[in-house]
Amino acid sequence: FGVEEINKYLLPREHRLEPGKKNFMGGNATFPSVGLACATSMKAELEQYMDYDVGDYCPDDWTLGQKLLVHGCDPLPRRRCLARAPQLYQKPLAANESLWRIPDSRNVRWNNYKCKNFECLAGNKPKNGTSNSSSSKGFYKCSECFDLLGYEKWRWVTVNLSTSTAADFRISDVLALKPAGEIRIGVDFSVGTGTFAARMKEHNVTIISATLNLGAPFNEMIALRGLVPLYLSVNQRLPFFDNTLDILHTTLFLDGWIDHILLDYILFDWDRVLRPGGLLWIDRFFCPKQDIDDYLYFFLQLHYKKHLWVVTPKLDKDGKELFFSAVLEKPPRPF
């Protein structure tokens, strides 16, 4: 690498201890973690990302950082610069108000988004006056998920009659599968604004929402609602220890775009972090009808207990695509 800062980052850092003595983690040096793609296909982008003035404000380049993440330079290297904040940052709403209120738009840097405020994202018509569409708002798969008082308000409370009634499960029905209070903590790996976590919070369940900023400020929105965003790509091993989570939920993330082997790695990692008896909630996975059996194999191989399992036509695709939804329980697998 030609940029000094990335070369400094990549060098192992020996600990300042007596010779031969190891630190509390059992090592005598700290080694950086940077994905292989950083040094191969993304070398030029990584050098650009790490070319900054130490101690000064970081470049306004979060889109470059996300591009690196998505293409395998994951996790990103740390930087020694100051993150830029919104020019007129406002204190967030109190916890008892923030779950279902549109936040103050001044709390987001909007220069890399097509919509320049939350009202644009939540409205039926974007700035250009055309009908509601993901391309005009600058994001996809989630064209209504900033509409907290409309579309989002009833998710996981009622079922969506416009796509497939059978594929939607209510949170109350899923929690009723286990004794009261047994589901306490978990992760939602989805594209969204944290509404699943908000609904679970109303049931005294703490959910971390893992998502990227795919053309819209999803992470900022989740945080401003008083929830916990986890900025994480599909490439990365989940940062939780084995057998610790009660529930893992996913929607709008897994579907027929995903490579089979990649899906295999993801599911085995999710299995790793779920505790025995924990629930895996696959929420409206969809794919072409001819591919469904191939995908179902990967879910079946884990030998989870089936609490709920539905394969049903996706009504807006005239039967050419299918929905798959399931709530599955991890087996004990004792030593």
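Where in the chain does tryptophan 156 lie? Here is a short tour of this predicted model, with that residue as the opening stop.

**View 1. Tryptophan 156 and its backbone angle.** Tryptophan 156 sits in the loop between helix H7 (134-137) and H8. Take a look at the backbone here: phi is near 65°, a positive value in a residue other than glycine.

**View 2. A cis peptide bond ahead of proline 75.** Aspartate 74 and proline 75 are joined by a cis peptide bond, with omega about 5°. If you are finding your way along the chain, look for proline 75 in the loop between helix H4 (62-70) and helix H5 (95-98).

**View 3. A salt bridge between glutamate 182 and arginine 275.** The closest N and O atoms of this pair are 3.2 Å apart. Side chains of opposite charge can pair when their charged atoms come close. Glutamate 182 belongs to the loop between helix H8 (171-175) and strand E3 (185-189), while arginine 275 is part of strand E7 (residues 274-288). The two partners are 93 residues apart, and their pairing links distant parts of the chain. Over the whole structure, a search finds 22 salt bridges.

**View 4. Where domain 1 meets domain 2.** The domain assignment splits out domain 1 (1-71) and domain 2 (154-330). Four residues from domain 1 and six residues from domain 2 make up the contact. Measuring between C-alpha centres, the two domains lie 32 Å apart. Together they bury about 480 Å², with 51% of that area on carbon and sulfur atoms. On the side of domain 1 that touches domain 2, three residues are nonpolar, one is polar and none is charged.

**View 5. Polar links across the domain contact.** What is the count of salt bridges between domain 1 and domain 2? The count is zero. Polar contacts are found here, however: three residue pairs, with both residues at pLDDT 80 or more, join domain 1 and domain 2 in this way.

**View 6. Residues 126-134, a stretch to read with care.** Across residues 126-134, pLDDT stays under 50. The model nonetheless has 19 contacts for this stretch beyond four places in sequence. Where pLDDT is low, the predicted coordinates should not be read in detail. For the protein chain as a whole, the mean pLDDT is 90, and 94% of its residues reach 70 or more.

Methods
Residues are numbered from 1 along each chain as its sequence is written. Side-chain values use heavy atoms; hydrogens and water are left out. Domain bounds come from an automatic or database domain assignment. Contact means heavy atoms within 4.5 Å. Buried area is the accessible area (1.4 Å probe) that two parts lose on being put together, summed over both. A salt bridge is a side-chain nitrogen of Lys or Arg within 4 Å of a carboxyl oxygen of Asp or Glu. A polar contact is a pair of N or O atoms within 3.5 Å; within protein, one must be able to donate a hydrogen and the other to accept it, and residues adjacent in sequence count only if both atoms are side-chain atoms. Ala, Val, Leu, Ile, Met, Phe, Trp, Tyr, Cys and Pro count as nonpolar, Asp, Glu, Lys and Arg as charged, and the others, Gly among them, as polar. pLDDT is the predictor's confidence in each residue, from 0 to 100. Helices (H or I, at least four residues) and strands (E, at least two) are DSSP runs, numbered from the N terminus.
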